[in-house]
Every structure is written in C-alpha cells, then in structure tokens.
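Good morning, and thank you for joining this short presentation. Please look at the structure as it appears, and then we shall go through it together.

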Amino acid sequence: MKPVWISLVALAALPGAATAGTQSIEVLLHDYLHIAPETIRATVADLLDLRVTNPAENTAAHDFRLDDFDRMTPLLNPGQTVAITAVVDRAGTFEYWCSVPGHRDGGMVGTLVVTDAAGPTPHPPKAEEDASPAPAFLGAAAGLVVAARAVRRRD
Ligand SMILES: [Cu+2]
C-alpha cells in the first residue's frame, strides 16, 4: 500500500492536477509480453493521447485494447504506430491489454488509474488510523501483566 499512498500524495501536489489536461503517452508493445508503461495515470476529463507502437525489433504482431473506453488499435506489425485518443470521463481502475491469444495471460496487460478531479476521497488522516491500534495493544499487554501477577500470587 505504501507506494500507492506516495503516488496519491504526489498527484495531489502537482499544480493543476485538478484541471483537465492532455496526457500524451508513448506506449510500447514488447514481444516479451509486456506493455510499457505498466501504469497510466490520469484525472477525470483528461484527454488520453496514446501513441501505440509495436517496436521494429519485434517479430510478433500485437494490438492494444482499452475496452472500458471503447478504444483499440488494429493488429500492429513490427514497426507500426497508431495513435488513439480517449477522454477518460470517469474515475476508476481499468485494464488495457493485447488481445492476441495468450498475450494478456502472459503479462501483456497494464492499468489505467483515473483519479477524480477533486482528488482522492477525503478520509481521516493516515496517522490517526495507525495510532489507534497502539493504545489498544498496550492496554491488552498491561492486562496480561496484571493477569500474570495474579497467577503468581495464587502460587
Ligand atoms: Cu501481444
């Protein structure tokens, strides 16, 4: 969970993170069944501007699907690039993948994380959540010490 938390903080700190923008991203479909980048982050209402490339050094054909936003490239041969755009109109976590049989299962899948323009849903500060179990634990430990003394006294 820690890396996710750090990312959310970083997003919140970015100037203009709350306004819609264009995310121009180079996407590479690798023969070793990997899509780069593995994660794409955007804010609701952003325009995703993806340049999807099957690198020339590849030997296999690949495609790129983002079904949640009804976007997909045709099957790309090595050396081909296709641009696709999509306005991400809702927050959530979505998958993109290569639909060539076996490729998605082999790891050709990535995650699109779309964050609400208002930022992460407000909730009690992390420190408060983490602090509460500690006194409870100390209380239980103190109880055990008292119980141990009581047992000794009986002996
Ligand atoms: Cu593929």
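Let me begin with contacts, meaning pairs of residues whose C-beta atoms, placed from the backbone, lie within 7 Å. Among contacts in the protein chain between residues at least 6 apart in sequence, 65% join residues at least 24 apart.

Two remarks on the source are needed. This is a predicted model, in which local features need pLDDT of at least 70 and side-chain atom pairs count only at pLDDT 80 or more, while totals for chains, interfaces and linings use all residues. Residues are numbered from 1 along each chain as its sequence is written.

The protein chain holds three helices and nine strands. Here helices (H or I, at least four residues) and strands (E, at least two) are DSSP runs, numbered from the N terminus. Their pattern along the sequence is α-β-β-β-β-β-β-β-β-β-α-α.

I now turn to one sheet. It is open, and its four strands follow the order β2-β1-β4-β7 with mixed pairing. The edges are taken by β2 and β7 (81-87), each with a single partner strand, so one side of each is left without a neighbour in the sheet. On average, neighbouring strands of this sheet are turned by 25° against each other, direction ignored; the axes are lines fitted to C-alpha atoms, and angles run from 0 to 180 degrees between N-to-C directions.

How do the strands pair, given that pairing requires DSSP to find at least two bridges between them? Strand β1 pairs with β4 (residues 47-53) in the parallel sense over seven bridges, and Glu-26 has Arg-51 as its bridge partner in β4. With β2 (residues 34-36), β1 pairs in the antiparallel sense over three bridges, and Leu-28 stands opposite Ala-36. Three residues lie between the strands of this β1 and β2 hairpin, where Leu-33 takes a positive phi near 55°. Strands β4 and β7 pair in the antiparallel sense over seven bridges, with Leu-47 opposite Val-87.

Finally, consider Val-27, which belongs to β1 (residues 22-30). Why is Val-27 classed as buried? Val-27 is buried because 21 other C-beta atoms lie within 10 Å; the term requires 20 or more, whereas 12 or fewer means exposed and anything in between partly exposed, with C-beta atoms placed from the backbone. Not counting residues up to four places away in sequence, Val-27 touches several residues, including Ile-35, Leu-50 and Phe-64. The C-alpha atoms of Val-27 and Leu-50 are separated by 6.6 Å, although these residues are 23 apart along the chain.

Conventions
Two residues are in contact if their C-beta atoms, placed from the backbone, lie within 7 Å. Two strands pair if DSSP finds at least two bridges between them.
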